[in-house]
Amino acid sequence: MTKIWKETGFVEGDIWVTETEERKAGEGEKAILPLDAFLDAVGETNDIGLGVYIAPADDVKKLEPHLDRIALIAVAFPAFNDGRGFSHATLLRERLGYTGELRAVGDVLIDQVPLMLRTGFDSFAVTNPVAQRRLAENCLTGVAQRYQPTARGSEAVGGFSWRRLGSTGA
């Protein structure tokens, strides 16, 4: 069972549904559409508060003219060793200036959550039972030494502008 987690804890009653052939958003739910379907839909409506699903091979720059209409971007992590979602998050937050909800979906593991937070993710669709248990227990590891600036700022240490120390738990 998938649970949605944010830094404040697990979210009850999430309204977002990733639409497939078998599953469509119902009353009181909002659809997360694949990128191509989203681009088709956004051309036909003036709606705001939309959701879009980004697969690893998708070009997130196609979203740039529509970012002000998007409430949630779900970025896919199909396997733990596929890090393209980190690049998508960095592009969306730092280069394109996206400020809405950025959700990691797919193979979200506990060890990756601190790094996902650093690159700008703020919600996670967690299916892994170990990750769910550790997040429920607030057992999130931190990254003490950071050598790259990211979407979340860190304090500079000493005279090295590239070296940053982060607080524990983030």
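These legends accompany close-up views of a predicted model of one protein chain.

**View 1. Overall fold of the predicted chain.** Four helices and eleven strands make up the secondary structure of the protein chain. The chain has 170 residues, and 39% of them count as buried. Among contacts with a separation of 6 or more, 48% join residues 24 or more positions apart.

**View 2. Confidence along the chain.** The mean pLDDT of the protein chain is 86. A score of at least 70 is reached by 83% of the residues. Strand β6 (residues 70–77) has the highest confidence, at a mean of 97. Strand β11 (residues 160–165) has the lowest, at a mean of 50. Where pLDDT is low, the predicted coordinates should not be read in detail.

**View 3. The two sides of helix α1.** Helix α1 spans residues 35–44, and its buried residues are L35, F38 and V42. Viewed down the axis of α1, these buried residues fall within an arc of 55°, so they line one face of the helix. The face turned away from that buried side carries the exposed residues D36, D40, G43 and E44.

**View 4. Packing partners of helix α1.** Three strands take up the buried residues of α1: β4 (30–34), β5 (50–54) and β6 pack against them. Of these partners, β6 is the strand with the highest confidence in the chain.

**View 5. The surroundings of H66.** H66 sits in the loop between β5 and β6. Is this loop residue buried or exposed? H66 has a relative accessible area of 17%, and buried means under 20%, so H66 counts as buried. Neighbours within four places in sequence are left aside here; beyond them, H66 is in contact with F38, L39 and V42. Of these contacts, F38 and V42 are among the buried residues of α1.

**View 6. The largest pocket.** The largest pocket holds about 220 Å³ of space. Its lining has 13 residues, and T2, I4, T18, V105 and A125 are the closest to the pocket centre. Which elements give two or more residues to the lining? They are β3 (16–18) and β7 (101–106).

**View 7. Chemical make-up of the pocket lining.** Seven residues in the lining of the largest pocket are nonpolar. Four others are polar, and two are charged.

Conventions: Residues numbered from 1 in each chain as written. Predicted model: local features only at pLDDT ≥ 70, side-chain atom pairs only at ≥ 80, totals over all residues. Heavy atoms only, no water. 1 Å grid on protein atoms, 1.4 Å probe; cavity = no way out; pocket = protein on both sides within 12 Å on 5 of 7 lines; lining within 4 Å. Points joined across faces, edges and corners; volume = space filled by probe spheres on them. Nonpolar A, V, L, I, M, F, W, Y, C, P; charged D, E, K, R; others polar. pLDDT = per-residue confidence, 0-100. Buried < 20%, exposed > 50% of the residue type's maximum accessible area, 1.4 Å probe, protein only. Arc of directions from axis to C-beta. Contact = heavy atoms within 4.5 Å.
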